[in-house]
Amino acid sequence: MLAATNEFFTRAADFLELSDKLRTILQTPRRVVRVEIVTESDSGELQHHLGFRVQHNSMRGPMKGGLRFHPSMDEDHASSLASLMTWKTAVVDIPYGGAKGGINCDPSKLSNKELYRITTRFVELMKEVIGPNIDIPAPDVNTNAQVMGWIMDEYSKYYGFSPGVVTGKPVDLFGSLGREEATGRGVMYVLEEYLKSDGRTLADVSVAIQGFGNVGSNAARLIAAQGARIVAVSDISGGIANDKGIDIPALLDWIAQHKVVEGFPGAAAIAGEAVLTYKADVLIPAAMEDAITLDNADAIHAEVIVEAANGPTTPEAHDRLHGRGVTLIPDILANAGGVTVSYFEWSQNIQQYRWELERVNQELQRIMRKAYADVAELAGDKGLDLRTAAFILAIKRVARAASSRQSIQHLLPESLLD
Ligand code: NAD
């Protein structure tokens with residue numbers, strides 16, 4: 001996965017004519033931590049899991065990024081996702097660097113108590129390298145507000161009351177109103193901006209969504225409420241489709257009871273992968289990386305792909321789709337709503353002041369609209385795809401911050417200074 005992120009970085013770095021030295025400075029993670037988490041299972045046996053935190057870049061502020069609990073979590077994934085966080089926080093211009101981490105585990109096979117012991121042991125082992133002014137974790141795949149609450153509590157045992165050590169906390173425990181749905185809401189805002197360019201609204205389009213967790217389900221709910229027809233949805237259990245539009249509130253009720261989309265009576269069952277190529281105007285991959293590859297790129301029907309997941313499109317598939325005229329709104333722009341409201345949560349924690357939901361959503365919309373406009377304008381001016389434009393914008397901001405802190409001005413080419 002890191003290779004794909006580096007490839008996208010390289011395309012922008014080539015455009016900017018960056019020297020090898022500057023590329024190395026910008027790409028090399030600042031710190032990579034691996035910990036061995038040994039805990040007791042409910043039946044008293046020893047459980048052993050690997051935990052990771054990659055802190056990629058801190059030039060623009062404390063490092064920020066999610067924690068993923070998944071059997072695929074390893075150093076390569078954490079490094080790739082940490083690098084994406086550096087560019088993402090720069091695209092939306094919030095005062096953070098990038099980090100990412102997680103635990104190699106399968107939460108579906110762990111009890112709540114086991115998950116609690118693993119999480120708190122992870123915090124104990126990582127406590128010296130995270131903190132409100134150092135590195136602030138947040139939810140990602142298979143982690144949620146509850147896990148963030150455990151992290152805040154465990155960290156606070158060592159350092160005293162520290163709500164700002166983690167974001168995405170429960171609203172009852174210093175979380176922000178609007179954080180849970182923020183990534184899905186940000187996805188909606190960038191899609192609205194894309195449609196606006198030729199006078200359309202969400203009511204004019206059909207949408208297929210892969211992944212129905214935090215990001216996918218919130219995007220579906222919000223986009224459907226604006227009149228879009230959600231025609232296909234999948235999760236780990238498989239896919240469902242209904243060309244008339246899936247009743248999303250009814251699907252959410254179904255999931256509250258049955259956990260997965262499988263068996264939902266208001267739609268036909270289809271294969272999970274078929275959702276990616278389903279006949280819809282908009283495709284929202286909101287599950288895992290590498291969903292869109294050369295194997296399925298030619299069969300994709302959508303005119304626009306909004307990358308709610310991180311790294312869902314391989315570079316080769318990106319090129320094939322871009323060549324066909326498909327617009328790809330890249331992850332580092334499309335899913336930045338989550339980290340943006342995490343920034344609001346952290347600001348609220350530091351000030352001990354709660355924002356109203358209306359203010360959270362207004363500021364999120366302002367930031368997402370501006371980031372989309374900045375990226376689209378650069379892409380239009382230079383004849384670039386949106387992903388390369390987003391990377392260029394981000395690299396410029398990070399490199400300029402680095403040169404204001406360190407004596408590296410001589411490494412910055414003209415292209416970074418305009
Ligand atoms: P989640 O754990 O809440 O949900 C993941 C969903 O994907 C689940 O519905 C799961 O069943 C589904 N899934 C997993 N493998 C699948 C497959 N092969 N096919 C179809 N569905 C599959 O995770 P999330 O927080 O919604 O994260 C989803 C993506 O969004 C990830 O790439 C994550 O990095 C990214 N993201 C999340 C946030 C956030 O705030 N949570 C922010 C930015 C980006």
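Student: How much area do domain 1 and domain 2 bury between them, and what percentage of it is on carbon and sulfur atoms?

Tutor: In this predicted model, the chain is assigned domain 1 (27–169), domain 2 (182–334) and domain 3 (373–418), and the C-alpha centres of domain 1 and domain 2 lie 27 Å apart. Between these two domains the buried area is about 790 Å², and the part of it on carbon and sulfur atoms is 60%.

Student: Which three residues supply 48% of the area that domain 1 buries against domain 2?

Tutor: The contact involves 12 residues of domain 1 and seven residues of domain 2. Within the area that domain 1 buries against domain 2, a share of 48%, more than any other three residues supply, comes from L84, K88 and V91.

Student: Which residues form a salt bridge, and how far apart are their closest N and O atoms?

Tutor: Across the interface of domain 1 and domain 2 the rule finds one salt bridge, and three residue pairs are in polar contact between the two domains, counting those with both residues at pLDDT 80 or more. A salt bridge joins R68 with E289, whose closest N and O atoms are separated by 3.0 Å.

Student: Which helix gives the largest share of the side of domain 1 that touches domain 2?

Tutor: The side of domain 1 that touches domain 2 is made up of five nonpolar, three polar and four charged residues. Six residues of that side, its largest share, come from one element, namely helix 3 (residues 75–91).

Student: Which residues come nearest to the ligand, and what distance separates an oxygen atom of the ligand from an N or O atom in the side chain of D140?

Tutor: Around the ligand there are 23 residues, of which D140, N142, T183, N214 and N310 come nearest. A side-chain N or O atom of R68 is 2.9 Å from a ligand oxygen, and a polar side-chain atom of R179 lies 3.3 Å from an oxygen atom of the ligand. For the side chain of D140, the distance from an N or O atom to a ligand oxygen is 2.7 Å.

Notes. Residues are numbered from 1 along each chain as its sequence is written. This is a predicted model: local features need pLDDT of at least 70, side-chain atom pairs count only at pLDDT 80 or more; totals for chains, interfaces and linings use all residues. Side-chain values use heavy atoms; hydrogens and water are left out. Domain bounds come from an automatic or database domain assignment. Contact means heavy atoms within 4.5 Å. Buried area is the accessible area (1.4 Å probe) that two parts lose on being put together, summed over both. A salt bridge is a side-chain nitrogen of Lys or Arg within 4 Å of a carboxyl oxygen of Asp or Glu. A polar contact is a pair of N or O atoms within 3.5 Å; within protein, one must be able to donate a hydrogen and the other to accept it, and residues adjacent in sequence count only if both atoms are side-chain atoms. Helices (H or I, at least four residues) and strands (E, at least two) are DSSP runs, numbered from the N terminus. Ala, Val, Leu, Ile, Met, Phe, Trp, Tyr, Cys and Pro count as nonpolar, Asp, Glu, Lys and Arg as charged, and the others, Gly among them, as polar. A residue is near a molecule or strand if one of its heavy atoms lies within 4 Å of it.
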